[in-house]
Amino acid sequence: MSRSLVVASAQMGPVATHETRAAVVERLLAMFAHAADRGADLVVFPELALTTFFPRWWQEPLAAADHWYETEMPGPDTKPLFDEAARRRVGFYLGYAELTPQGHRYNTSVLVDRQGLIAAKYRKVHIPGHEANEPWRPFQHLERYYFEASPDGFAVHEYLDARVGMMICNDRRWPETYRVMGLQGVEMILCGYNTPIHYAPDPSQDVLAGFHNQLVLQAGAYQNGTWVVATAKGGIEEGVDSLAQSSIIAPSGQVVAQAITNADEVIVAECDIDWCARYKQTLFDFDRYRRPECYSILTDADNGKSSRAAGPAATSERHIEEGERQ
Ligand code: CDT
């Protein structure tokens, strides 16, 4: 019998600064109910879903921003979501800002099971933006001020009869994210995102925001034979327009469902998990066709700088070889 999972991407429109956690959770619950009514096994919510995207503002000292973070999950405001998961027997992915008892700050997501229990936690690996206030920008992207990069990497979990992994927003632009999970046999990657359409360091990229989103999600899915479910918090939030375009992408790289608004919207797809094997066992049979011995630069801790420094020597060696062959 083939394995199948009905997945919902629950896109959010903007969250205003003054909106309370309880009000946001009401919105999430409404979408959760809608997804469950449509037969969803799993609902994917966005990155930092409980608040406005606060890294767009500089706040000093850092502790003045503590109210944007969750110190417990579930907490009093988020518990209704967990209760609803258990009642409807539907799992979910939720992104939020995490402040640990030790004072660490992470951009985090949890994967909750059908019993309403946390099955896995992921902390964002690739932290984009900048560390200090840059007043020349029309708005800030201070994730590197507000969050530490996770030291943990990307795990894959047995979840609802599939191998499931998580990533958060900027992670989706990096091929390594998908490959690390691809090598663990991932069959569905869940991703929440907040992507401002204006990119101040190079505004020529603004018109390509939607294209780049599709490009990386579809390539990552296809090249690793996995489903990818990507959920935005989009629309104009506190004056900043963010990409919507939430999508569910098949292991073939095809988009099987996509949001059509930039507001709260649920899209649903029935995902044949065994479709992954068609790619993993043929064109992308990693054991048969990958050449890890040719990729060692990928694991250099110095980003391959030492190999680039050795460039001229490598070039002359290659010339010698070519001369010998003549
Ligand atoms: N949230 C997040 O990671 N957003 C980034 C914006 C990059 S521009 C600083 C993204 O990759 O979409």
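**View 1. The ligand in its pocket.** In this predicted model, the second largest pocket holds the ligand. The ligand is surrounded by 14 residues, and the closest of these are K124, C169, N170, R173 and T195.

**View 2. Character of the surrounding shell.** Sorted by class, the residues around the ligand comprise five charged, five polar and four nonpolar members.

**View 3. Polar atoms facing the ligand.** The side chain of E47 places an N or O atom 3.0 Å from a nitrogen atom of the ligand. A nitrogen atom of the ligand also lies 3.1 Å from a backbone N or O atom of N194. At T195, a polar side-chain atom is 2.6 Å from an oxygen atom of the ligand. The ligand taken alone exposes 360 Å², of which the protein buries 92%.

**View 4. Nonpolar cores of the protein.** The largest nonpolar core consists of 46 residues. Within this core, the residues with the most contacts are L42, M167, M188, L190, W227 and I248. A second core, separate from the largest one, contains 30 residues, among them L28, L29, A35 and F45.

Methods:
Residues numbered from 1 in each chain as written. Predicted model: local features only at pLDDT ≥ 70, side-chain atom pairs only at ≥ 80, totals over all residues. Heavy atoms only, no water. Near = heavy atom within 4 Å. Polar contact = N/O pair within 3.5 Å; in protein donor to acceptor, adjacent residues only side chain to side chain. Areas by Shrake-Rupley, 256 points an atom, 1.4 Å probe, with all protein chains shown as cover. 1 Å grid on protein atoms, 1.4 Å probe; cavity = no way out; pocket = protein on both sides within 12 Å on 5 of 7 lines; lining within 4 Å. Sits in = over half its atoms within 2 Å of the grid points. Nonpolar A, V, L, I, M, F, W, Y, C, P; charged D, E, K, R; others polar. Core = buried A, V, L, I, M, F, W, Y, C linked by side-chain atoms within 4.5 Å. Buried < 20%, exposed > 50% of the residue type's maximum accessible area, 1.4 Å probe, protein only.
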